[in-house]
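Trainee: I am new to this structure and would like a close look at one part of it. Please take me through that part slowly, and then show me how it sits in the rest of the chain.

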Amino acid sequence: MKRSLIVAVWSAVLLASVVLVGCKKNLPAPEAKEKEDAPRASKDHDDESEGHEELPTKVRLPAEVLASADVRTAVVIKKPLPATVDLTGEVVADPDRAVRVAARVPGRIVEVRFKEGERVKAGAILVVIESPELARARAGFAASQARGQSAQKNAERLGSLARTGLAAEQEVSGANAEARALQAEAAAAQRTLQSFGLPVSELSQSGSRLELRARIEGFIISRNATLDQTVTAEHVLAEIVNLDRAYFLGRLFEKNLERVQAGVPAEVRLNAYSKEVFIGKVESIGKQLDPIARTVVARIAIDNRADLLKVGLFGMARVNSSEAEPEESTLVVPLTAVTQIADRDVVFVQHPDSDFEVHPVKLGRTASGQVQILSGLRAGEQVVVEGVFTLKSAVLKSTFGEED
């Protein structure tokens with residue numbers, strides 16, 4: 001869904017009329033820009049310790065493009081960021097969103113309909129197994145079901161005769177007992193078939209083929225199934241994980257135990273994606289200390305974004321500490337407001353006339369999904385926190401256009 005929205009927004013940007021005021025192909029050097037815009041910087045941001053280093057670029061997008069991109073802003077404010085503790089660790093799947101697909105019956109694999117790494121939907125057929133044991137179980141269920149129905153009809157017939165004096169009560173009791181026993185036998189055979197993973201609609205069917213289906217939607221992270229392979233009931237054919245929500249297992253050193261509590265916010269950065277930040281919170285802290293590393297596991301729940309998460313990725317989590325904050329208040333904005341253009345950190349500031357201006361910023365440390373702004377903004381300005389991709393795309397598209 002998110003991918004479709006990004007594609008739609010990008011297409012809209014390409015067709016939209018974008019106005020760039022004084023746009024240049026490359027971002028100006030700080031020294032040149034300070035000379036070029038010194039009067040303006042002094043007038044607009046005379047409360048900053050450094051001159052406001054603006055890019056001479058303004059973006060104006062049509063209202064329908066802004067609406068489809070869901071552009072939202074937030075006010076730049078001053079506040080202290082909490083102290084933090086850094087934890088190294090790795091990404092693991094949520095055990096409640098992971099499934100191991102076992103054969104369930106001994107037999108021979110006759111079809112494999114999945115590949116490792118692909119995404120499957122819940123209910124999709126993964127493997128078809130030919131199993132003589134399944135055929136016998138189905139036949140046994142059908143036979144016990146037929147005997148139970150026949151015994152029940154016989155008991156009902158004897159009951160009618162007993163009411164007219166043509167059958168003894170002892171015969172009726174015996175017929176009822178036999179009917180109940182055969183019905184219990186049929187129920188046990190039904191439960192056996194259901195333990196093989198057969199849906200109720202297929203219990204009465206004959207045959208030796210079992211279709212194994214995916215119980216959840218997710219990615220196949222392992223496959224152990226080939227055509228004509230003979231398998232046991234316990235053989236694991238595949239493992240499926242849903243990574244829409246996953247965990248980062250951080251190693252919390254013994255000396256920092258009193259500084260971190262469950263429920264505090266956390267930022268996770270993975271080695272594979274240096275510019276991405278995954279926001280989450282500490283869900284639990286382990287109760288067993290590793291005797292060698294002297295660490296416990298801090299389980300941090302994080303949401304996936306653009307299918308970036310992969311099981312086993314290493315990284316670092318920055319977790320809020322319960323220590324008193326020694327720092328003074330500084331300008332902060334959400335991390336989602338910051339992007340990079342020409343290898344420089346920038347934000348988009350919205351003006352009252354609905355234009356968006358690119359502001360180069362100097363960043364400080366981060367915590368709780370927010371980042372310190374050391375220069376480039378002033379309190380009260382409106383920065384874009386959602387829809388940044390659309391505005392960045394407009395700037396890059398116009399830059400490419402100039403080069404053409």
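How many bridges join strand S8 (residues 125-130) to S9, and do the two strands run parallel or antiparallel?

Mentor: Please keep in mind that this is a predicted model. Strand S8 (residues 125-130) and S9 are joined by 5 bridges, and the two strands run antiparallel. To place one of these pairings, start from Ile125, whose bridge partner in S9 is Arg213. Strand S9 itself covers residues 209-213, and its side chains alternate along its length: Leu210 and Leu212 point to one face and are buried, whereas Arg209, Glu211 and Arg213 point to the other face and are not buried. Arg213 therefore has two roles in this picture, since its side chain belongs to the face that is not buried, while the residue is also the bridge partner of Ile125.

Just past this strand, the loop between S9 and strand S10 (218-223) holds Glu217, and strand S7 (residues 119-120) holds Arg119, so that a pair 98 residues apart links distant parts of the chain. The link is a salt bridge, in which the closest N and O atoms of Glu217 and Arg119 are 3.3 Å apart. Glu217 is partly exposed, with a relative accessible area of 36%, and Arg119 also counts as partly exposed, at 36% relative accessibility.

Turning to the helix H5, we find 27 residues, 169-195, which at 1.5 Å a residue should span 39 Å, and this agrees with the 39 Å between its end C-alpha atoms. Its buried residues are Val172, Ala175, Ala179, Leu182, Ala186, Ala189 and Leu193, and what covers them includes helix H4 (132-163). After H5 comes Gly197, whose phi is positive, near 95°.

For the wider setting, the chain has 6 helices and 24 strands, and 41% of its 404 residues count as buried. Among contacts between residues at least 6 apart in sequence, 76% join residues at least 24 apart. The pairing of Glu217 with Arg119 is one of 19 salt bridges. Another joins the side chains of Arg60 and Asp355, at 2.7 Å from N to O, and this pair links parts of the chain 295 residues apart. Arg60 is partly exposed, with a relative accessible area of 39%, whereas Asp355, at 3% relative accessibility, counts as buried because the cut-off for that word is under 20%.

Key: Residues are numbered from 1 along each chain as its sequence is written. This is a predicted model: local features need pLDDT of at least 70, side-chain atom pairs count only at pLDDT 80 or more; totals for chains, interfaces and linings use all residues. Side-chain values use heavy atoms; hydrogens and water are left out. Helices (H or I, at least four residues) and strands (E, at least two) are DSSP runs, numbered from the N terminus. The expected span of a helix is 1.5 Å times one less than its number of residues. Buried means under 20% relative accessible area, exposed over 50%, partly exposed in between (1.4 Å probe, protein chains only). Contact means heavy atoms within 4.5 Å. Two strands pair if DSSP finds at least two bridges between them. A salt bridge is a side-chain nitrogen of Lys or Arg within 4 Å of a carboxyl oxygen of Asp or Glu.
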